[in-house]
Amino acid sequence: MPDSTEWILKVGLRGRCPRCGKGRLFDGFLKLAPSCEQCGLDYGFADPADGPAFFVMMTAAVPITAFALWLELSYDPPVWVHFVVTLPLLLIGCILPLRPLKATLVASQYIHSAEEGRLAGPREAGPASETGASSGQGPNQATGVERGGSHRE
Ligand SMILES: [Zn+2]
């Protein structure tokens, strides 16, 4: 099992099957194939919904729109400037990342659902250290009082 983030990026950027990394994920520009042609993984689980659009909006559309506003307010350019500068920027910035983003999200979805299935119980960062209040330092209420009794170590 390779590092999952590395794996997600690797298959995501190349648009490959998240399980075997060989089969194609897409059956069109953004349409997912029904299943992996190599390992037969059913892509039915994949449902990134608006995820790619959201990420593209945050990473490309917002900065580009901000740039367009800045251009407009700073230089007051004629409209055609926006057509040759802003519009292509928007199209390129929004369409190009869609496919790798979608593939990355699908891969991440696959990896995480696989990991959830593998882990038996909830993850715990460590034992809570509430027991064992400082004894001998001042008059504590905890001295001599046993709480529950099941938490002793
Ligand atoms: Zn596969």
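What follows is a walk through the fold, the core, one helix pair and the confidence of a predicted model.

The overall layout is quick to sketch. The chain has four helices and zero strands, so the order of elements from the N terminus on reads simply α-α-α-α. Buried residues account for 14% of the 153 residues in the chain. As for how far apart in sequence the contact partners sit, take the contacts with a separation of 6 or more: 54% of them join residues 24 or more positions apart.

Turning to the core, the largest nonpolar one holds 13 residues. V11, C17, L25, A103, V106 and A107 are the ones with the most contacts inside this core. Two elements, α1 (4-14) and α4 (98-118), each give two or more residues to this core, and α4 supplies the largest share, with six residues. In soluble globular proteins, nonpolar side chains tend to end up buried together. V11 makes a handy entry point for anyone clicking around the core. Leaving out residues up to four places away in sequence, V11 touches R16, C17, P18 and G21, along with A103 and A107. Of these partners, C17, A103 and A107 are also listed with V11 among the core residues with the most contacts.

The middle of the chain offers a helix pair to look at. Two packed helices are described by the angle between their axes and the distance between the axes. For helix α2 (residues 51-75) and helix α3 (residues 79-95), the axes come within 9 Å and cross at roughly 170°. An angle over 145 degrees counts as roughly antiparallel, and α2 and α3 are therefore roughly antiparallel to each other. On the α2 side, the contact is made by V56, A60, A61, I64 and A68; α3 brings H82, T86, L89, L90, G93 and C94. Sorted by type, the residues of this contact come out as eight nonpolar, three polar and no charged.

Finally, a word on how far to trust all this. The average pLDDT of the chain is 77, and 72% of the residues score at least 70. Among the elements, α1 has the highest mean pLDDT, at 91, while α4 has the lowest, at 80. Two stretches fare worse. Over residues 119-138 the pLDDT is below 50, and this stretch has six contacts in the model beyond near neighbours in sequence. Residues 140-153 likewise stay under 50 in pLDDT, and the model has six contacts for them beyond four places in sequence.

How values were computed. Residues numbered from 1 in each chain as written. Core = buried A, V, L, I, M, F, W, Y, C linked by C-beta atoms within 7 Å. Buried ≥ 20, exposed ≤ 12 C-beta atoms within 10 Å, placed from the backbone. Contact = placed C-beta atoms within 7 Å. Axes fitted to C-alpha atoms, helices over the stretch in contact; angles between N-to-C directions. Parallel < 35°, antiparallel > 145°, perpendicular 65-115°, else oblique. Nonpolar A, V, L, I, M, F, W, Y, C, P; charged D, E, K, R; others polar. pLDDT = per-residue confidence, 0-100.
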